[in-house]
Amino acid sequence: MGSDWLPGIGGVCGPEDYVERYGEPEAGPGRLRAVLSDALALVASELVTYAPGEDPALDANVRAVACSVAYRVLSRPADGLSSAQESAGPYSRQVAFANADGAMYLTRSERRRLGADGCAVGFASLGGSR
């Protein structure tokens, strides 16, 4: 588990958790810490009542999702390329990069994994008593 390098939630996930999943990023350890910190802040903003250490399963999901968000940012081309094309003789290929601008976001499946998919069961009283 990560060291407590980000107050509150940082102890749940650290750079070593990212490296275990995806290997060393080309960006270097400083950028990894910064991007992972931003990813954890994004996750924390979705889970306003989250308290690290109270639910080991949720801690594991927070760790996995934060690493996944960081990976999307760190795996994009550094120069913001959105596509590349190569050709040799009659052959050519084109590659389009998703998330070329490096935006941080949670996918629908990541939100579900965190229990933050917007689904709720219950009711609320909107008016006075009857």
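Contact here means heavy atoms within 4.5 Å.

**Figure 1. Overview of the fold in this predicted model.** Let us start with the whole chain. Among contacts between residues at least 6 apart in sequence, 58% join residues at least 24 apart. The secondary structure comes to four helices and two strands, and from the N terminus on the elements run α-α-α-β-β-α. Of the 130 residues, 35% count as buried. The protein exposes about 8,400 Å², with carbon and sulfur atoms supplying 51% of that area.

**Figure 2. Close-up of the largest nonpolar core, a set of 22 residues.** Look for Tyr18, Val43, Leu47, Val62 and Leu114, the residues with the most contacts inside this core. Helix 2 (29–46) and helix 3 (56–74) each supply at least two of the core residues. The largest share, eight residues, comes from helix 3. In soluble globular proteins, nonpolar side chains tend to be buried together.

**Figure 3. Close-up of Leu47 and its contacts beyond the local sequence.** Once neighbours within four places in sequence are left aside, Leu47 is in contact with Leu58, Val62, Leu114 and Ala116. Two of these partners may look familiar from the previous view: Val62 and Leu114 are, like Leu47 itself, among the residues with the most contacts inside the largest nonpolar core.

**Figure 4. Close-up of the crossing between helix 1 (residues 15–22) and helix 3.** Two packed helices are described by the angle between their axes and the distance between the axes. Here the axes come within 10 Å and cross at roughly 70°, so helix 1 is roughly perpendicular to helix 3. From helix 1, the contact is made by Asp17, Tyr18, Arg21 and Tyr22. Helix 3 brings Arg63, Ala64, Cys67, Ser68, Ala70, Tyr71 and Leu74 to the contact. By class, the contact has seven nonpolar, one polar and three charged residues.

**Figure 5. Close-up of Leu106, in the loop between strand 2 (91–96) and helix 4 (108–114).** Is this loop residue buried or exposed? Leu106 counts as buried because its relative accessibility is 9%, and buried means under 20%. Beyond its neighbours within four places in sequence, Leu106 is in contact with Leu42, Val43, Glu46, Val65, Val69, Arg72, Arg111 and Leu114. One of these partners, Val65, is worth picking out: Leu106 and Val65 are 41 residues apart in sequence, and their C-alpha atoms are 8.1 Å apart in space.

How values were computed:
Residues numbered from 1 in each chain as written. Predicted model: local features only at pLDDT ≥ 70, side-chain atom pairs only at ≥ 80, totals over all residues. Heavy atoms only, no water. Core = buried A, V, L, I, M, F, W, Y, C linked by side-chain atoms within 4.5 Å. Buried < 20%, exposed > 50% of the residue type's maximum accessible area, 1.4 Å probe, protein only. Areas by Shrake-Rupley, 256 points an atom, 1.4 Å probe, with all protein chains shown as cover. Axes fitted to C-alpha atoms, helices over the stretch in contact; angles between N-to-C directions. Parallel < 35°, antiparallel > 145°, perpendicular 65-115°, else oblique. Nonpolar A, V, L, I, M, F, W, Y, C, P; charged D, E, K, R; others polar.
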